[in-house]
Amino acid sequence: MQLYTSIGPNPHVVRMFMAEKNLELPTQTVDLRGGENRRAPYNTDVNRRGQSPALVLDSGEQLAEITAICEYLDEFQPEPPLIGSTPEERAMTRMWVRRIDLGVCEPMANGFRYSEGLEMFKERIRVLPEASDGLKAIAADTLAWLNGELADREFVCGERFTLADILLFCFVTFGNDRGQPLADSNTAVQEWYDRVARRPSASA
């Protein structure tokens with residue numbers, strides 16, 4: 001297998017997931033700023049959507065989308081389980097991943113692409129600058145809701161550290177660095193974030 005990675009929160013999720021599993025793979029860095037992901041051979045042979053990360057399997061099949069990549073790696077190397085060991089645990093993790101993805105990751109990332117990142121993205125994807133403020137507000141609203149959810153638990157899924165924590169951590173980090181910092185009122189999220197930041201995998 002070979003992992004294609006780059007700057008950005010999505011590749012960070014996969015690298016952190018791999019680090020938690022002590023899983024090392026051959027890795028190639030793609031120059032997103034230079035547009036390497038938008039031209040051949042990357043967008044013809046690795047990921048036709050021109051996105052990062054991507055995982056090329058030994059069979060030659062290509063996996064994109066961070067959840068699919070992490071789910072595959074969790075089955076490829078089951079220990080430690082970062083999705084879950086039982087149907088209930090897996091369902092709970094997937095529920096929280098979905099909530100975080102839709103409520104934080106997508107609006108936060110697009111809020112950036114349509115504003116601070118506009119010059120980089122305007123020739124690559126459809127951009128909606130008029131939607132930026134609203135998308136950022138959706139992400140902020142979801143983080144405020146998560147603040148209440150995290151007030152009495154160690155991790156997103158309770159006592160288990162999972163893909164949901166990795167996803168949220170990487171995007172809160174991204175927001176902090178890209179004009180969408182965590183609000184001071186989100187004290188429970190900040191305490192959770194500090195716990196996760198102390199894990200060695202956080203710097204992957």
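This passage walks through the pocket, the nonpolar cores and the aromatic pairs of a predicted model.

Start with the open space. The largest pocket holds about 1,100 Å³, and 41 residues line it. Those that lie nearest its centre are P9, N10, S52, A109 and R113. Several helices chip in: α1 (9-20), α3 (66-76), α4 (87-113), α5 (118-121) and α7 (163-177) are the elements that each give two or more residues to the lining. Of these, α4 gives the most, with seven residues. As for chemistry, the lining is a mix, with 18 nonpolar residues, 12 polar ones and 11 charged ones.

Next comes the packing. The largest nonpolar core has 54 residues, and the members that touch the most others are V13, L73, I100, L168 and W192. Two or more residues of this core come from each of α1, α3, α4, α6 (132-149), α7 and α8 (187-197). It is α7 that supplies the largest share of the core, at 10 residues. A second core lies apart from this one; it has seven residues, including V30, L32, Y42 and V46. Back in the largest core, W192 is one of the members with the most partners. Setting aside neighbours within four places in sequence, W192 is in contact with L150, E154, F155, V156, D165, L168 and F169. One of those contacts, L168, is itself on the list of core members that touch the most others.

That leaves the aromatic rings. Across the whole structure, a search turns up nine aromatic pairs. In one of them, the rings of Y72 and F76 have centres 6.2 Å apart and planes at 20°, so this pair counts as stacked. Y72 and F76 are about one helical turn from each other, because they sit four residues apart in helix α3. Neither ring's residue is fully tucked away: Y72 is partly exposed, with a relative accessible area of 29%, and F76 is also partly exposed, at 44%.

The rings of F112 and F121 are arranged in another way. Their centres are 6.5 Å apart and their planes meet at 80°, so the pair is edge-to-face. Here both F112 and F121 are buried. The story does not stop at two rings, either: ring pairs join F112, F121, F171 and F174 into a cluster.

Methods. Residues numbered from 1 in each chain as written. Predicted model: local features only at pLDDT ≥ 70, side-chain atom pairs only at ≥ 80, totals over all residues. Heavy atoms only, no water. 1 Å grid on protein atoms, 1.4 Å probe; cavity = no way out; pocket = protein on both sides within 12 Å on 5 of 7 lines; lining within 4 Å. Points joined across faces, edges and corners; volume = space filled by probe spheres on them. Nonpolar A, V, L, I, M, F, W, Y, C, P; charged D, E, K, R; others polar. Core = buried A, V, L, I, M, F, W, Y, C linked by side-chain atoms within 4.5 Å. Buried < 20%, exposed > 50% of the residue type's maximum accessible area, 1.4 Å probe, protein only. Contact = heavy atoms within 4.5 Å. Phe/Tyr/Trp six-rings, centres within 6.5 Å; stacked < 30°, edge-to-face > 60°.
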